[in-house]
There are 2 protein chains.
Amino acid sequence: MATGRSHRPATRSRGIPEATVARLPLYLRALTALSERSVPTVSSEELAAAAGVNSAKLRKDFSYLGSYGTRGVGYDVEYLVYQISRELGLTQDWPVVIVGIGNLGAALANYGGFASRGFRVAALLDADASLAGRLVAGLPVRHIDELESIVADNQVSIGVIATPAGAAQEVTDRLVGAGVTSILNFAPTVLSVPDGVDVRKVDLSIELQILAFHEQRKAGETEGRQEPDGDVPAVMPA
Amino acid sequence: MATGRSHRPATRSRGIPEATVARLPLYLRALTALSERSVPTVSSEELAAAAGVNSAKLRKDFSYLGSYGTRGVGYDVEYLVYQISRELGLTQDWPVVIVGIGNLGAALANYGGFASRGFRVAALLDADASLAGRLVAGLPVRHIDELESIVADNQVSIGVIATPAGAAQEVTDRLVGAGVTSILNFAPTVLSVPDGVDVRKVDLSIELQILAFHEQRKAGETEGRQEPDGDVPAVMPA
DNA sequence: ATGTCTTTGTGAACGCGTGCACAAAGATGG
DNA sequence: CCATCTTTGTGCACGCGTTCACAAAGACAT
Ligand SMILES: NC(=O)c1ccc[n+]([C@@H]2O[C@H](COP(=O)([O-])OP(=O)(O)OC[C@H]3O[C@@H](n4cnc5c(N)ncnc54)[C@H](O)[C@@H]3O)[C@@H](O)[C@H]2O)c1
Ligand SMILES: NC(=O)c1ccc[n+]([C@@H]2O[C@H](COP(=O)([O-])OP(=O)(O)OC[C@H]3O[C@@H](n4cnc5c(N)ncnc54)[C@H](O)[C@@H]3O)[C@@H](O)[C@H]2O)c1
């Protein structure tokens with residue numbers, strides 16, 4: 001079992017780097033897979049390979065959580081799953097509302113990855129009255145006018161926006177007004193929110209454009225470079 | 001200084017920083033909106049506000065592309081749209097295949113943001129034979145066995161994966177084998193690919209977990225006390 | 001116990017990204 | 001042509017994130 005040695009890192013508990021936070025879910029996924037195969041312990045090298053990161057980086061990431069490894073052995077899988085889950089706040093229930101039940105919103109509602117962690121879809125909302133009452137993924141679509149009461153009644157703090165871009169800011173304002181403090185935005189718009197509200201965006205179009213950039217560079221390198229120059233900076237009139 | 005000839009010029013020659021590349025699509029979107037309103041020029045301050053970034057950062061980003069601004073005036077909107085489009089490779093056509101036409105794949109196929117830039121859906125592929133021939137977003141779903149010939153015939157270099165996690169690596173291997181060199185992965189798995197192949201991932205579950213982390217921190221702070229430096233309002237695993 | 005072997009935890013160096021602050025470029029007006 | 005005003009382009013400093021490399025912690029065998 002876990003060594004259970006209460007060796008606190010004293011003056012550090014807070015201030016986990018953002019980059020580390022973004023990788024914790026990755027480690028958690030790999031660890032969950034190991035757990036399901038009843039693997040008792042794992043080394044930083046093995047786990048890093050499974051998560052697709054550098055092993056030193058992984059060890060440093062874990063060091064921010066405390067010293068949960070055993071030298072010469074590795075990390076206790078179950079214990080680490082618990083520690084990371086707790087750190088990410090997945091040991092509690094997070095009600096979520098999805099706004100905009102079109103193509104994407106419906107797909108999100110059907111996504112199993114929601115419930116697998118502590119996330120629970122509290123409601124599906126749409127402005128289209130003709131959708132109201134219709135079942136999507138077993139849940140009835142409710143009208144957007146119910147937003148405020150639903151958020152309040154369910155203590156929803158996370159909202160997912162899957163409306164057209166033009167409606168995203170308005171929906172955001174209503175969500176924030178109702179008490180939501182974290183937003184995941186799929187609409188291609190820059191949202192403005194007050195301090196204290198977190199926004200993360202998922203933008204397919206941007207991802208594709210980044211891929212295209214690198215793709216173009218690859219193509220340019222393989223064929224004879226037709227670029228007019230190498231690395232000379234522009235014009236420097238003296 | 002140093003001799004400057006080290007064996008590590010990887011991404012330096014033409015050297016637009018990766019962080020800059022990731023923001024160019026954002027600028028492009030804001031500029032396109034201005035262009036549609038027939039705005040002739042824009043200052044770095046205005047454009048930065050529209051894109052939600054710092055104006056100095058924006059100017060530095062543009063400086064990597066060359067000097068396209070006019071001091072005292074700003075940037076010519078149309079010209080900048082063209083320059084960024086060219087830099088991102090959007091002046092050419094990028095055929096894309098989507099693999100896995102389930103809930104998410106169908107939503108992606110219906111997404112208008114594809115065609116709006118240079119991206120064209122060359123084919124929709126799925127392993128489910130009963131889907132073959134069915135029209136999704138006006139395109140017939142083709143069987144996964146046609147992958148290799150479709151990729152070759154259409155010179156597809158970008159693939160989008162929307163299959164279950166278990167099938168993602170196998171699909172990746174086939175895509176890469178057929179000649180695809182850029183992959184956008186929606187399945188929650190770490191993909192391994194040979195050098196020269198770019199992979200970007202979109203992972204809803206990870207985004208939610210990151211939001212949950214910050215959400216938990218906010219909740220802990222408001223209950224406990226405003227903390228000037230480091231120590232924690234102990235989170236007890238009860 | 002002692003020695004050997006494995007693997008963690010982290011100090012330190014380095015590179016990248018960010019934002020300030022300002023000189024210079026150029027427009028505009030007299 | 002000169003003065004003034006606006007806005008760009010960038011040098012610089014700073015902080016964050018990554019990676020290397022290794023001392024030390026602990027398991028395990030003898
Ligand atoms: N489909 C994709 O794969 C995809 C990918 C990336 C981004 N997006 C973005 O996600 C968003 C949704 O895409 P989609 O394909 O599902 O569009 P969609 O048109 O199918 O669905 C949009 C839904 O939002 C609802 N809606 C409109 N205004 C609303 C409002 N004010 N309040 C509540 N609901 C409102 C509509 O009734 C509709 O049901 C768009 O912004 C799109 O650009 C979609
Ligand atoms: N639905 C979402 O909002 C969402 C969000 C995030 C991530 N994801 C991920 O995206 C993927 C797809 O999600 P979904 O909800 O559309 O699932 P889905 O089950 O509705 O669709 C999966 C499709 O992939 C096809 N498929 C299975 N194996 C295949 C193979 N070897 N080759 C080609 N096609 C194959 C299936 O026939 C099916 O049509 C999953 O990995 C899911 O975890 C989905």
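## Ligand 2 and its polar contacts

An oxygen atom of ligand 2 lies 2.8 Å from a polar backbone atom of B:Leu104, in a model that is predicted. Two further residues of chain B take part in contacts of this kind: a polar backbone atom of B:Thr163 is 2.6 Å from an oxygen atom of the ligand, and a polar backbone atom of B:Ala165 is 3.5 Å from an oxygen atom of the ligand. On its own, ligand 2 has 830 Å² of accessible area, and the protein covers 81% of that area.

## The shell around the ligand

Ligand 2 is placed between chains A and B, and 24 residues surround it. The closest of these residues are B:Asn103, B:Leu104, B:Asp126, B:Ala162 and B:Thr163, so that B:Leu104 and B:Thr163, already met through their backbone contacts, appear again in this list.

Which elements give two or more residues to the shell around ligand 2? They are α5 (103-110) of chain A, together with α5 (103-110) and α8 (165-178) of chain B; the largest share, 3 residues, comes from α8(B). When the residues of the shell are sorted by character, 18 are nonpolar, 4 are polar and 2 are charged.

## Annotated regions of chain A

For chain A, an unreviewed UniProt entry lists residues 26-65 under the annotation "DNA-binding region". In the model, this stretch is 75% helix and 5% strand, and its end C-alpha atoms are 15 Å apart.

UniProt also lists, again from an unreviewed entry, residues 89-190 of chain A as "domain: CoA-binding". This span is 33% helix and 28% strand, while the C-alpha atoms at its two ends lie 27 Å apart.

## Two residues with positive phi

B:Ala137 is not a glycine, and yet it has a positive phi of about 55°. This alanine is found in the loop of chain B between β6 (135-136) and β7 (139-143). Is B:Ala137 buried, partly exposed or exposed? With a relative accessible area of 41%, B:Ala137 counts as partly exposed, because that class holds the values between the cut-offs of 20% and 50%.

B:Gln155, which is likewise a residue other than glycine, has a positive phi near 50°. Its place is in the loop of chain B between α7 (147-154) and β8 (158-161). The relative accessible area of B:Gln155 is 66%, and therefore this residue is described as exposed, a word that applies to values over 50%.

Technical notes:
Residues numbered from 1 in each chain as written. Chains lettered and ligands numbered in written order. Predicted model: local features only at pLDDT ≥ 70, side-chain atom pairs only at ≥ 80, totals over all residues. Heavy atoms only, no water. UniProt positions renumbered as here; feature names shortened; annotations may be inferred. Helix = DSSP H or I, 4+ residues; strand = E, 2+ residues; numbered from the N terminus. Near = heavy atom within 4 Å. Polar contact = N/O pair within 3.5 Å; in protein donor to acceptor, adjacent residues only side chain to side chain. Areas by Shrake-Rupley, 256 points an atom, 1.4 Å probe, with all protein chains shown as cover. Nonpolar A, V, L, I, M, F, W, Y, C, P; charged D, E, K, R; others polar. Buried < 20%, exposed > 50% of the residue type's maximum accessible area, 1.4 Å probe, protein only.
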